[in-house]
Amino acid sequence: MNRRRGKIFALCLTFSVLITTVAFQRVTSAATTLGGTDRYSTALKIVQAGWKTSDTVIIARGDDLADALAAAPLAYAKGKAPILLTKTDELPTGVLNELKTLGVKNIYIVGGIGAVGAKVENDLKEFTVKRISGIDRAETSYNVAIEAFGTVPTEVVLANGSAYADALSISAIAAAKGMPILLVSNNKLSASEANYISGKSVYAVGGTDVLSPTITNATKVTRLSGVDRYETNAAILNKFPQDYSKIYLAKGTNENLVDALTGSALAALGNNPIVLVDGYSTINSKISAVVKANIGNASTEVLLGGTVAPAAAATVETMKPSPLEVVSIE
């Protein structure tokens, strides 16, 4: 009897040590960080991680994301291209060299002269440059949709042009699915936008406080929202199947959302999710539930920008299913 108890104890001890070892390895496993000294160099790091060559690149203003919120579907439609950021009147260090390294031929500037100035466009004169803009962010998004897809898509995303996080939560998905993102200003659809969505399936991203139900009541609408930007992110992740073999983590705070913008083009390449973390790099419980339901043992994490703490990746690691099977002891 004592020998049997000793054997059981030894097996249990071994099992416990194995579980502890696996858990420790997961929590301490290193995630990949794509971050630079600022948003512009971070965008370069993201591009270098995903592209060795590209005929086309999208360039957008880095300090105000309004015009670029609809850029990811355009990038994907134009040969699965990357997104780079610029200052209004100055092309950041390294951007021109990266364009040459990629072998870029065509550049789309998203935004008007007030967003991306004439000096920047002139600095790009060795490439074929096309500017897409409008009188405001809503018209710019409409013109981006026409350039990327024409009127062909049967599914469209609507988002408040001032609710950046909501639009960026779905940007990678919209890109991979070929859905344009139309931005709404002052809770009113422009005549062009209203005509564009007519007869189409619409995903309204954000709550009724930022996107009035009256603007979409004439068409088929699926609303994706939550009490805040993180629950909206969870609703979006829950709606669309994605490949969780790689999970991108980005800050959902206003000052750091730009990394999710440039990262959206990269995430779209593999139809991988972008998970928004809060200012403390914690993950919303509803987001956690979606990730836990989809993550695999071999999944890896990528931190977009230098502001997402490694603890966020460690949290994701704990969501993985256990690789151990319970062995019966006779």
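This passage walks through the fold of a predicted model, from the overall make-up of the chain to its sheets, one helix and its salt bridges.

Starting with the broad picture, the chain runs to 330 residues, and 50% of them are buried. Its secondary structure comes to twelve helices and twelve strands. Looking at contacts between residues with a separation of 6 or more, 74% involve partners 24 or more positions apart. On the outside, the chain exposes about 14900 Å², with carbon and sulfur atoms supplying 51% of that area.

Two open sheets are worth taking in turn. Strands of a sheet pair through backbone hydrogen bonds, and they can do so in either a parallel or an antiparallel way. One sheet has four strands in the order 3-2-4-5, and the pairing is parallel. Its edges are strand 3 and strand 5 (128–132), each of which pairs on one side only. On average, and ignoring direction, neighbouring strands here are turned by 25° against each other. Within this sheet, strand 2 and strand 4 (residues 106–110) run parallel and are joined by five bridges. One spot to look at is valine 57, which stands opposite isoleucine 107 in strand 4. Helix 6 packs on this sheet, where it touches strand 4 and strand 5, and the helix direction makes about 135° with that of strand 5.

The other sheet is also open, with four strands in the order 7-6-8-9 and parallel pairing. Here strand 7 (181–184) and strand 9 are the edge strands, pairing on one side only. The twist from one strand to the next averages 25°. Strand 6 and strand 7 are paired in the parallel sense over four bridges. Across that pairing, leucine 158 has leucine 182 of strand 7 as its bridge partner.

A residue that brings sequence-distant pieces into view is leucine 69, found in the loop between strand 2 (56–61) and helix 3. Is leucine 69 buried or exposed? With a relative accessible area of 0%, leucine 69 falls under the 20% cut-off and therefore counts as buried. Setting aside neighbours within four places in sequence, its contacts are Gly161, Tyr164, Ala167, Leu168, Ile181 and Leu183. Of these, alanine 167 sits 98 residues away along the chain, yet the C-alpha atoms of leucine 69 and alanine 167 are separated by 6.3 Å.

Helix 9 (residues 229–239) is a good place to look at how a helix is covered. Its buried residues are Tyr230, Glu231, Thr232, Asn233, Ala234, Ile236 and Leu237. The elements covering them include helix 7 (164–177) and helix 11 (285–294), along with strand 8 (201–205), strand 9 (220–224) and strand 11 (274–277). In general, an α-helix has 3.6 residues a turn, so residues three or four places apart point the same way. The N-terminal end of helix 9 is capped by aspartate 228, which has a side-chain oxygen 3.1 Å from the backbone nitrogen of tyrosine 230.

Turning to charged side chains, the structure holds ten salt bridges. Side chains of opposite charge can pair when their charged atoms come close. In one such pair, aspartate 63 and arginine 61 meet with 2.5 Å from N to O. Both residues are partly exposed: the relative accessible area is 47% for aspartate 63 and 22% for arginine 61.

Another salt bridge joins glutamate 147 to lysine 78, with the closest N and O atoms 3.1 Å apart. Glutamate 147 belongs to helix 6 (residues 137–149), while lysine 78 is in the loop between helix 3 (71–77) and strand 3 (83–86), so this pair ties together parts that are 69 residues apart in sequence. Lysine 78 is partly exposed, at 22% relative accessible area. The pair also belongs to a wider arrangement, as Lys78, Lys130 and Glu147 are linked in a network of salt bridges.

A further salt bridge is found between the side chains of lysine 177 and glutamate 155, at 3.8 Å from N to O. This one links distant parts of the chain, with lysine 177 in helix 7 and glutamate 155 in strand 6 (residues 155–160), 22 residues apart. Lysine 177 is partly exposed at 40% relative accessibility, and glutamate 155 is partly exposed with a relative accessible area of 22%.

Definitions and conventions:
Residues are numbered from 1 along each chain as its sequence is written. This is a predicted model: local features need pLDDT of at least 70, side-chain atom pairs count only at pLDDT 80 or more; totals for chains, interfaces and linings use all residues. Side-chain values use heavy atoms; hydrogens and water are left out. Buried means under 20% relative accessible area, exposed over 50%, partly exposed in between (1.4 Å probe, protein chains only). Helices (H or I, at least four residues) and strands (E, at least two) are DSSP runs, numbered from the N terminus. Contact means heavy atoms within 4.5 Å. A polar contact is a pair of N or O atoms within 3.5 Å; within protein, one must be able to donate a hydrogen and the other to accept it, and residues adjacent in sequence count only if both atoms are side-chain atoms. Accessible areas come from the Shrake-Rupley method with a 1.4 Å probe; for residues, only the protein chains shown count as cover. A salt bridge is a side-chain nitrogen of Lys or Arg within 4 Å of a carboxyl oxygen of Asp or Glu. Two strands pair if DSSP finds at least two bridges between them. Axes are lines fitted to C-alpha atoms, for helices over the stretch in contact, and angles run from 0 to 180 degrees between N-to-C directions.
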